[in-house]
Amino acid sequence: LITGLGVVSPIGIGKHAFSDSLWSGINHVELLGHPNDSDTPGWLAATIEDFDAARFIQPRKTIKLMGEEIQISVSAA
């Protein structure tokens, strides 16, 4: 999420989907494993589902040069 720009978040992509989910109390935090697993540095996560960078980034060939976190940031901007 980049404040003041667009919204790409686990509870919605776009301001309307995000605000609807926020006001509905939707929570997408999931348990990744057991907290006692020593190999797991973090065991809770909220993933962004149904994200398609091609909907937001032009030209499309630049998408393959970006990591997922950059794709999400550029899409929010």
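This passage describes the fold, the core, the surface and some local backbone features of one predicted protein model. Because the model is predicted, local features are reported where pLDDT is at least 70 and side-chain atom pairs where pLDDT is 80 or more, whereas totals for chains, interfaces and linings use all residues. Residues are numbered from 1 along each chain as its sequence is written, and side-chain values use heavy atoms, with hydrogens and water left out.

The protein contains two helices and four strands, which follow one another along the sequence in the pattern β-β-α-β-β-α. Helices (H or I, at least four residues) and strands (E, at least two) are taken as DSSP runs and numbered from the N terminus. Of the 77 residues in the protein, 21% are buried, where buried means under 20% relative accessible area, exposed means over 50%, and partly exposed lies in between, with a 1.4 Å probe and protein chains only. Among the contacts in the protein with a separation of 6 or more, 31% are between residues 24 or more positions apart; a contact requires heavy atoms within 4.5 Å. The surface exposed by the protein amounts to about 5,800 Å², of which carbon and sulfur atoms supply 55%, with accessible areas calculated by the Shrake-Rupley method with a 1.4 Å probe and, for residues, only the protein chains shown counted as cover.

In soluble globular proteins, nonpolar side chains tend to be buried together. The largest nonpolar core in this model has eight residues, namely V8, F51, A53, A54, I57, I63, I72 and A76. Such a core is a set of buried Ala, Val, Leu, Ile, Met, Phe, Trp, Tyr and Cys residues joined through side-chain atoms within 4.5 Å. When residues up to four places away in sequence are not counted, A53 touches I63, Q71 and S75. Q71 is found in helix α2 and counts as buried, at 14% relative accessibility; with residues up to four places away again not counted, Q71 touches F51, A53, I57, I63 and M66. K64, in the loop between β4 (44–46) and α2 (68–76), is by contrast exposed, with a relative accessible area of 71%. K64 and A53 are 11 residues apart in sequence, and their C-alpha atoms are 10.0 Å apart in space.

The core residue F51 counts as buried because its relative accessibility is 17%. A search of the whole structure finds one aromatic pair. The rings of F51 and F56 have their centres 6.2 Å apart and their planes at 10°, so this pair is stacked. Rings of Phe, Tyr and Trp (its six-membered ring) pair if their centres lie within 6.5 Å, and planes under 30 degrees apart count as stacked, over 60 as edge-to-face and the rest as tilted. F56 is partly exposed, with a relative accessible area of 32%. Another buried residue is S9, at 7% relative accessibility; S9 is placed in strand β1 (residues 8–9) and, leaving aside neighbours within four places in sequence, is in contact with F18 and I48.

On the surface, V29, L31, W43 and L44 make a nonpolar patch of about 390 Å². Patches are made of residues with over 30% relative accessible area and no salt bridge, like charges being joined within 9 Å and nonpolar side chains (Val, Leu, Ile, Met, Phe, Trp, Tyr) within 5 Å; a salt bridge is a side-chain nitrogen of Lys or Arg within 4 Å of a carboxyl oxygen of Asp or Glu. V29 lies in strand β3 (residues 29–31) and is partly exposed, with a relative accessible area of 46%, whereas L44 is in strand β4 and is exposed, with a relative accessible area of 51%. Leaving aside neighbours within four places in sequence, L44 is in contact with V29, E30, L31 and L32. L44 and E30 are 14 residues apart in sequence, with a C-alpha to C-alpha distance of 5.6 Å.

Most residues other than glycine have a negative phi, and most peptide bonds are trans. In this model, D50 has a positive phi of about 60° although it is not a glycine, and a cis peptide bond, with omega about -10°, joins Q58 and P59. D50 lies in the loop between β4 and α2, and P59 is likewise in the loop between β4 and α2. D50 is exposed, with a relative accessible area of 72%.
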